[in-house]
Amino acid sequence: MSDAVIGLTIVAIGTSLPELATSLAAALKRHSTVALGNIVGSNIFNIACIMGLTALITPIAVDPRIVSIDMWVMLAAACVLALLGFLRIASGKLMGSAMLAGFAGYIATVF
């Protein structure tokens, strides 16, 4: 199993569980802005602060695949989510299933 698959699944799930629990509790209480703010804020903090501090301490080698493929996939996913948010499009089980299927397809290409 490659490092990319481990990072995209096991590590991502493990580091996102606290945000998932907080967002689920907020969503159950009908506080969608808290749920969204928690997820977005956590991701921005992880990318900017954690990766930034790590890069200050030691250089981070970036696999060429990340720059050529993965970066564009992440950008497309971010644009879709931003479009859903800005247009205030309600997303339900169908949208969630489609996003989960897209992620599963993306993970399948990493193998």
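These legends go with a set of close-up views of one predicted model. Residues are numbered from 1 along each chain as its sequence is written, and side-chain values use heavy atoms, leaving out hydrogens and water. Because the model is predicted, local features need pLDDT of at least 70 and side-chain atom pairs count only at pLDDT 80 or more, while totals for chains, interfaces and linings use all residues.

**View 1. The whole chain, for orientation.**
Going by secondary structure, the chain has 4 helices and 0 strands, in the order α-α-α-α along the sequence. Helices (H or I, at least four residues) and strands (E, at least two) are DSSP runs, numbered from the N terminus. Take the C-alpha atoms along the principal axes and they fill a box of roughly 40 × 30 × 25 Å. The chain exposes about 8700 Å², and carbon and sulfur atoms supply 76% of that area. Accessible areas here come from the Shrake-Rupley method with a 1.4 Å probe, and for residues only the protein chains shown count as cover. Of the 111 residues, 10% count as buried. Buried means under 20% relative accessible area, exposed means over 50%, and partly exposed is in between (1.4 Å probe, protein chains only).

**View 2. Helix α1 and its bend.**
Helix α1 covers residues 3-28. Does its length fit, or what would you expect of 26 residues? At 1.5 Å a residue they should span 38 Å, and the end C-alpha atoms are 35 Å apart, which agrees. The expected span is 1.5 Å times one less than the number of residues in the helix. Look for the bend of about 50 degrees at Leu-17; a proline, Pro-18, follows within four residues. A bend is the angle between axes fitted to the seven residues ending at a position and the seven starting there.

**View 3. The buried side of α1, with Ser-23 in the middle of the story.**In α1, the buried residues are Val-5, Glu-19, Ser-23 and Ala-26, and the buried residues of this helix pack against α2 and α4. Ser-23 is counted as buried because its relative accessible area is 7%. Which residues does Ser-23 contact, leaving aside its neighbours within four places in sequence? They are Ala-35, Asn-38 and Ile-39, where contact means heavy atoms within 4.5 Å.

**View 4. Arg-30, in the loop after α1.**
Right after α1 comes Arg-30, in the loop between α1 and α2. Its phi is near 65 degrees, a positive value in a residue other than glycine. With a relative accessible area of 76%, Arg-30 is exposed.

**View 5. Two residues of helix α2.**
Helix α2 runs over residues 32-57 and holds Asn-43; Val-40 sits in α2 too. Asn-43 has a relative accessible area of 40%, so it is partly exposed. Val-40 is partly exposed, with a relative accessible area of 40%. Asn-43 and Ser-16 are 27 residues apart in sequence, and their C-alpha atoms are 9.1 Å apart in space. For Val-40 and Val-73, the separation is 33 residues in sequence and 18 Å in space, again C-alpha to C-alpha.

**View 6. Helix α3 from end to end.**
Helix α3 takes in residues 64-86. Its 23 residues should span 33 Å at 1.5 Å a residue, and the end C-alpha atoms are 32 Å apart, which agrees. There is a bend of about 40 degrees at Asp-70. Val-67 is in this helix, and its relative accessibility of 45% is why it counts as partly exposed.

**View 7. A nonpolar patch on the surface.**
The patch is formed by Met-51, Ile-60, Val-62, Ile-66, Val-67, Met-71, Trp-72, Met-74 and Leu-75, with about 830 Å² of accessible area together. Which helix gives the most to the patch? That's α3, with 6 residues. Patches are made of residues with over 30% relative accessible area and no salt bridge: nonpolar side chains (Val, Leu, Ile, Met, Phe, Trp, Tyr) are joined within 5 Å, like charges within 9 Å. A salt bridge is a side-chain nitrogen of Lys or Arg within 4 Å of a carboxyl oxygen of Asp or Glu.

**View 8. Arg-88, on the way to α4.**
Just after α3 you reach Arg-88, in the loop between α3 and α4 (93-110). Arg-88 is not a glycine, yet it has a positive phi of about 55 degrees. Is Arg-88 buried or exposed? It is exposed, with a relative accessible area of 76%.
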